[in-house]
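This report covers a single protein chain and its bound metal ions. It takes up salt bridges, the metal sites, the overall fold and one buried position.

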Amino acid sequence: MSAFEVVPLRAFTDNYIWTIRDAGCAAVADPGDARPVLDYLKREKLRLVAILNTHHHADHVGGNSELLKHCKVPVFGPHDPRITEVTHRLADGERMTLPHFGLEFEVMEIPGHTRTHIAFHGAGMLFCGDTLFAVGCGRLFEGTPQQMHDSLTKLIRVPDATRVYCGHEYTLSNIRFAKAVDPNNRALRQVETRARQLRDQDQPTLPSTMAQEKATNPFLRCREPDVIAAASKYAGKPLTDPVSVLAAIREWKNNF
Ligand code: ZN
Ligand code: FE
């Protein structure tokens, strides 16, 4: 296995195209736009070796076809015909090896944001698209609160030190909401201070870690008394199970 680093390429207003690279090659996760990838490959003299897709939304797969015109590479993604370019369709628990890098990833099906969303977990990294964000979670476009809850519960089983590479820079607005839900959370204040510093320097707040998410992310903390109390207040009735707590705070966030 070669030494590698993971570099964020910006796309649109707040997407990140996560790029695994070494001295000669690169693989990209969720290339919503080909341009920033092609510019980066050219500038750094890198050869593209693979594309990973977490879900079918255009801001994550829109660059696939243009990239494939320049380089015929395998595209790893979910069983979803809406992503026509996928060459290797992967289901829950399957493993894949990233070409050239030799990194092994386990695929996790994590529906909620979309019906067929997957994550890639391996080598101390989690590429989770729009299901889990730093201090937040994705909107429920095609899934139910139960599905999102089950998917997040699945994700938190990865080791605490796992670096969490999410699809968007939403951290500061997620923190603003999390403070309303979980006002006494001290870890949240620390993450806010650091996130502000990074954004003031125009730096990404990502990757996060799973330990940080467990400590600060209200959608992973639906069993915490403070979160239950805030969700119940929003819902106007006592909520007892974590799925209804998640449903309430997800709806609250939509209107926040
Ligand atoms: Zn999405
Ligand atoms: Fe997205």
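## Salt bridges

A salt bridge is counted here when a side-chain nitrogen of Lys or Arg lies within 4 Å of a carboxyl oxygen of Asp or Glu. The model is predicted, and by this rule the count comes to 13 salt bridges. Side chains of opposite charge can pair when their charged atoms come close. Asp-80, Arg-82, Arg-115 and Glu-142 are linked by such pairs into a network.

Within this network, Arg-82 pairs with Glu-142, with 2.9 Å between the closest N and O atoms. Arg-82 sits in the loop between strand E5 (75–78) and strand E6 (88–90), and Glu-142 in the loop between strand E12 (136–137) and helix H4 (145–155), so the pair ties together parts that are 60 residues apart in sequence. Arg-82 counts as partly exposed at 37% relative accessibility, and Glu-142 counts as partly exposed at 27%. Glu-142 also forms a salt bridge with Arg-115, where the closest N and O atoms are 3.9 Å apart. Arg-115 is in the loop between E8 and E9 and Glu-142 in the loop between E12 and H4, so this pair ties together parts that are 27 residues apart in sequence.

## A salt bridge within helix H1

Arg-35 and Asp-39 meet through their side chains in a salt bridge of 3.2 Å, N to O. The two residues are four apart in helix H1 (residues 34–44), which means that about one helical turn separates them. Arg-35 is partly exposed, with a relative accessible area of 48%, and Asp-39 is partly exposed at 34%.

## The zinc site

Which residues coordinate the zinc ion (ligand 1)? The donors are His-55 (NE2), His-57 (ND1), His-113 (NE2) and Asp-130 (OD), at 2.2 to 2.3 Å. Along the chain, the donors of this ion follow the spacing H-x1-H-x55-H-x16-D.

The arrangement is irregular because the four donor atoms around the zinc ion (ligand 1) subtend angles of 84 to 169 degrees. His-113 lies in the loop between strand E8 (104–109) and strand E9 (118–122), and Asp-130 in the loop between strand E10 (125–129) and strand E11 (132–133), so the pair ties together parts that are 17 residues apart in sequence. Both His-113 and Asp-130 are buried.

## The iron site and the shared donor

The iron ion (ligand 2) has Asp-59 (OD), His-60 (NE2), Asp-130 (OD) and His-168 (NE2) as its protein donors, lying 2.0 to 2.3 Å from the ion. Asp-130 bridges the iron ion (ligand 2) and the zinc ion (ligand 1), and the two ions are 3.2 Å apart.

The angles among the four donor atoms of the iron ion (ligand 2) run from 86 to 169 degrees, and the site is irregular. In sequence, the donor residues are spaced D-H-x69-D-x37-H. Asp-59 belongs to helix H2 (residues 58–61), whereas His-168 is in the loop between strand E13 (163–166) and helix H5 (171–181), so the pair ties together parts that are 109 residues apart in sequence. His-168 is buried, with a relative accessible area of 5%.

## The chain as a whole

The protein chain contains nine helices and 14 strands. For 256 residues, a compact globule would have a radius of gyration near 18 Å, and the value of 18 Å for the protein chain agrees with this. Taken along the principal axes, the C-alpha atoms fill a box of roughly 55 × 40 × 30 Å.

Of the 256 residues in the protein chain, 55% are buried. Among contacts in the protein chain with a separation of 6 or more, 57% involve residues 24 or more positions apart. The exposed area of the protein chain is about 11300 Å², and carbon and sulfur atoms supply 50% of it.

## A buried position in helix H9

Is Ile-249 buried or exposed? Ile-249 is buried, with a relative accessible area of 0%, and is found in helix H9 (residues 242–254).

Leaving aside neighbours within four places in sequence, Ile-249 is in contact with Phe-177, Val-181, Pro-218, Phe-219, Cys-222, Val-227 and Ala-231. Ile-249 and Ala-230 are 19 residues apart in sequence, and their C-alpha atoms are 8.4 Å apart in space.

Definitions and conventions:
Residues are numbered from 1 along each chain as its sequence is written. Chains are lettered from A and ligands numbered from 1 in the order in which they are written. This is a predicted model: local features need pLDDT of at least 70, side-chain atom pairs count only at pLDDT 80 or more; totals for chains, interfaces and linings use all residues. Side-chain values use heavy atoms; hydrogens and water are left out. Donors are N, O and S atoms within 2.8 Å of the metal (3.2 Å for Na, K and Ca); water is not among the atoms, so sites may look incomplete. Four donors count as tetrahedral if all angles lie between 85 and 135 degrees; four count as square planar and six as octahedral if opposite donors are over 155 degrees apart and all others between 65 and 115; anything else is irregular. Buried means under 20% relative accessible area, exposed over 50%, partly exposed in between (1.4 Å probe, protein chains only). The radius of gyration is taken over C-alpha atoms; the globule rule is 2.2 Å times the number of residues to the power 0.38. Contact means heavy atoms within 4.5 Å. Accessible areas come from the Shrake-Rupley method with a 1.4 Å probe; for residues, only the protein chains shown count as cover.
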